[in-house]
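Colleague: I'm new to this one. Could you walk me through it?

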Amino acid sequence: MRAPKEVEPAVTSPVVSSRDLPHPVRDEIRLEGLLHALSDPMRLRIVRELAATSGELSCSDFELPVTKSTTTHHFRVLRESGVIRQVYRGTAKMNGLRRDDLDELFPGLLDALLDAAGRQAVRVGG
């Protein structure tokens, strides 16, 4: 008769929700990615709206003149470049500007870009 096989305890990994969204850590944020993300007028508009609030805004708070799938793409580019942080709160996807990270990595850059974007909007009516 064979000896019973020993069963090793199961190794479990932390549960990661399928709703967790990937974000770069501060040291992974690159200047070229940031500039690319902010080079699109719709993404710059999103960032300007987030900068004008002290908290988070849900995706539905933004009234963009593009399709829902295009809006989703713009938020993904901003998140993956490290400009915004997105988290689910219930069924809402909330968006916040990563100002602390961006100011630490690129001091004054975000304020300069937002100021220039504001002056341009006044000049061209947008």
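Modeller: Sure, one definition to begin: two strands pair if DSSP finds at least two bridges between them, and strands (E, at least two residues) and helices (H or I, at least four) are DSSP runs numbered from the N terminus. This is a predicted model, where local features need pLDDT of at least 70, side-chain atom pairs count only at pLDDT 80 or more, and totals for chains, interfaces and linings use all residues. Residues are numbered from 1 along each chain as its sequence is written, and side-chain values use heavy atoms, leaving out hydrogens and water.

Colleague: Which residue is the bridge partner of Leu57 in β3?

Modeller: β1 and β3 pair in the antiparallel sense, over 2 bridges. Leu57's bridge partner in β3 is Asn95.

Colleague: Why is one side of β1 and of β2 left without a neighbour in the sheet?

Modeller: The open sheet has 3 strands, in the order β1-β3-β2, with antiparallel pairing. β1 (57-58) and β2 (84-89) each lack a neighbour on one side because they stand at the edges, each with a single partner strand.

Colleague: Which residues does Phe62 touch, not counting those up to four places away in sequence?

Modeller: Contact means heavy atoms within 4.5 Å. On that basis, Phe62 touches Ile46, Glu49, Leu50, Leu57, Phe75 and Asn95.

Colleague: Which element supplies the largest share of the lining of the second largest pocket?

Modeller: A pocket is an open set of points on a 1 Å grid over the protein atoms alone, where a 1.4 Å probe fits, with protein on both sides within 12 Å along at least five of seven lines; lining residues have an atom within 4 Å of a point. Lys68, Thr71, Thr72 and Phe75 are among the lining residues here. The largest share, 4 residues, comes from α3.
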